[in-house]
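Take a look at the chain below. This report walks through its charged pairs, then turns to its surface.

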Amino acid sequence: MNALVNQAMQGDAESFIQLMEDQKQAMQKIAFGFFTDAEDVADAMQQTALNAYEHIGGLKNPAFFKTWLLRILINNCRQLYNSKKRMLTDSDLSDTAHAAYFDTYPEDNAFFNLLSLLHKNDRIIFLLYFGEQYTTKEISHMTGIKESTIRSRIRRGKERLRTQIQREELA
């Protein structure tokens with residue numbers, strides 16, 4: 001992947017397109033953690049691709065391309081979410097993921113069902129930690145949230161999920 005990143009940094013559009021294709025599923029997972037509407041996900045991903053293409057020359061270390069890209073995506077998702085939140089009432093912002101994603105990646109359905117049990121602020125952390133296997137330090141860097149807060153949210157979220165699953169098993 002580093003070779004593709006280096007080529008993209010030199011201005012090779014085909015390499016950049018290949019990088020975007022390689023990261024498409026990871027980007028969709030993160031974006032669906034913020035949005036339920038496939039159009040919003042597409043908007044966030046499109047803006048991320050544009051921002052990344054414009055600024056890839058400023059990437060200091062090609063090994064951190066994915067982290068850099070996902071941080072851009074998270075920032076774009078937050079920006080779009082906040083602008084939509086101002087326009088919509090809370091009842092218009094659903095907490096369940098859009099079916100279009102699950103048609104493409106049915107293996108993620110159970111994972112997203114579990115995520116829907118979490119507070120919306122904790123979902124992105126769970127997506128990055130359990131879905132994309134990032135460390136708490138890397139997540140802290142991407143999200144701007146203190147590492148200790150991330151560890152606390154993971155611990156509390158795991159407890160919330162454990163309690164919910166036990167309740168469902170007893171029912």
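## A link across the chain

Which residue forms a salt bridge with Lys66? The partner is Glu132. Their closest N and O atoms are 2.9 Å apart. The pair links distant parts of the chain, 66 residues apart. Lys66 sits in helix α4, which spans residues 65-87. Glu132 sits in the loop between α7 (120-131) and α8 (136-143). Keep in mind that this is a predicted model.

How well covered are the two partners? Lys66 has a relative accessibility of 23%, so this residue counts as partly exposed. Glu132 has 13%, so this one counts as buried. The cut-off for buried is under 20% relative accessible area.

## A buried pair between helices

Arg153 forms a salt bridge with Asp122. Here the closest N and O atoms are 3.6 Å apart. Arg153 belongs to helix α9 and Asp122 to helix α7, so the salt bridge ties together parts that lie 31 residues apart in sequence. Are these two residues buried or exposed? Both Arg153 and Asp122 are buried.

## A pair within one helix

Glu147 forms a salt bridge with Arg151. The closest N and O atoms are 3.2 Å apart. Both residues lie in helix α9. They are four residues apart, which is about one turn of the helix.

Glu147 has a relative accessibility of 29%, and Arg151 has 44%. Each value falls between the cut-offs of 20% and 50%, so Glu147 and Arg151 both count as partly exposed.

## The network and the count

Some salt bridges share partners. Such bridges join Lys29, Lys66 and Glu132 into one network. Lys66 and Glu132 are the pair described at the start, with closest N and O atoms 2.9 Å apart.

How many salt bridges does the count come to? The count comes to five. Among them are Lys66 with Glu132, Arg153 with Asp122, and Glu147 with Arg151. In general, side chains of opposite charge can pair when their charged atoms come close.

## A nonpolar patch

Now to the surface. Which residues make the nonpolar surface patch? They are Leu114, Leu117 and Ile165. The patch has an area of about 200 Å².

Ile165 is found in helix α9, residues 147-170. That helix also holds Arg153, as well as Glu147 and Arg151. Why can Ile165 be part of a patch? Patch residues need over 30% relative accessible area and no salt bridge. Ile165 has 33%, so this residue passes the area cut-off while counting as partly exposed.

Notes: Residues are numbered from 1 along each chain as its sequence is written. This is a predicted model: local features need pLDDT of at least 70, side-chain atom pairs count only at pLDDT 80 or more; totals for chains, interfaces and linings use all residues. Side-chain values use heavy atoms; hydrogens and water are left out. Patches are made of residues with over 30% relative accessible area and no salt bridge: like charges are joined within 9 Å, nonpolar side chains (Val, Leu, Ile, Met, Phe, Trp, Tyr) within 5 Å. Accessible areas come from the Shrake-Rupley method with a 1.4 Å probe; for residues, only the protein chains shown count as cover. A salt bridge is a side-chain nitrogen of Lys or Arg within 4 Å of a carboxyl oxygen of Asp or Glu. Helices (H or I, at least four residues) and strands (E, at least two) are DSSP runs, numbered from the N terminus. Buried means under 20% relative accessible area, exposed over 50%, partly exposed in between (1.4 Å probe, protein chains only).
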